[in-house]
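Biologist: Hi! Could you pull up the model so we can go through a few side chains together?
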Amino acid sequence: MSGTVPPKRKPEPCPVCAKPAQAGFQPFCSTRCADIDLGRWLTDRYAIPTDDDETEDEAPPHSS
């Protein structure tokens, strides 16, 4: 073995403000950006698109 250490990857930028991410707040740069991201999730600003029909959760029609 040569004892060399492979180069570390460059840290990803903060997904909210694009500043360099800080180790204590990964993947964010600060508590502020982490809170902004959480708020976006809680207010449904982020959504995963689906092909499901919205009425799928409703009970099926009654047949007589």
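Modeller: Sure, here is a chat about an arginine, some cysteines and the aromatic rings, and keep in mind that this is a predicted model.

Biologist: Let's begin with R40. Which helix is R40 in?
Modeller: R40 sits in helix α1, which covers residues 31-42.

Biologist: And is R40 buried or exposed?
Modeller: R40 is buried, and it has no salt bridge. The nearest side chain of opposite charge belongs to D37, 5.4 Å away. A salt bridge would need the charged atoms within 4 Å.

Biologist: What does R40 touch, then, beyond its neighbours within four places in sequence?
Modeller: Setting those neighbours aside, R40 contacts V16, R45 and Y46. With Y46 there is also a side-chain polar contact of 3.4 Å.

Biologist: Switching to cysteines: how many disulfides are there?
Modeller: The structure has 0 disulfides.

Biologist: Hm, why is C14 without a bond?
Modeller: Because its closest cysteine sulfur, in C33, is 3.7 Å away, which is too far for a bond. The cut-off is 2.5 Å between the sulfurs. C14 itself is buried, at 3% relative accessible area.

Biologist: What about C29, and which cysteine sulfur is closest to it?
Modeller: That one is in C17, at 3.5 Å, again too far for a bond. C29 counts as buried too, with 14% relative accessibility.

Biologist: Last topic, aromatics. How many pairs do you get?
Modeller: There is 1 aromatic pair. W41 and Y46 meet edge-to-face, 4.9 Å centre to centre with 65° between the planes.

Biologist: How accessible is W41? And Y46?
Modeller: W41 is partly exposed at 46% relative accessibility, and Y46 is partly exposed at 28%.

Methods. Residues are numbered from 1 along each chain as its sequence is written. This is a predicted model: local features need pLDDT of at least 70, side-chain atom pairs count only at pLDDT 80 or more; totals for chains, interfaces and linings use all residues. Side-chain values use heavy atoms; hydrogens and water are left out. Helices (H or I, at least four residues) and strands (E, at least two) are DSSP runs, numbered from the N terminus. Buried means under 20% relative accessible area, exposed over 50%, partly exposed in between (1.4 Å probe, protein chains only). Lys and Arg count as positive and Asp and Glu as negative; His and the chain ends are not counted. A polar contact is a pair of N or O atoms within 3.5 Å; within protein, one must be able to donate a hydrogen and the other to accept it, and residues adjacent in sequence count only if both atoms are side-chain atoms. Contact means heavy atoms within 4.5 Å. Rings of Phe, Tyr and Trp (its six-membered ring) pair if their centres lie within 6.5 Å; planes under 30 degrees apart count as stacked, over 60 as edge-to-face and the rest as tilted.
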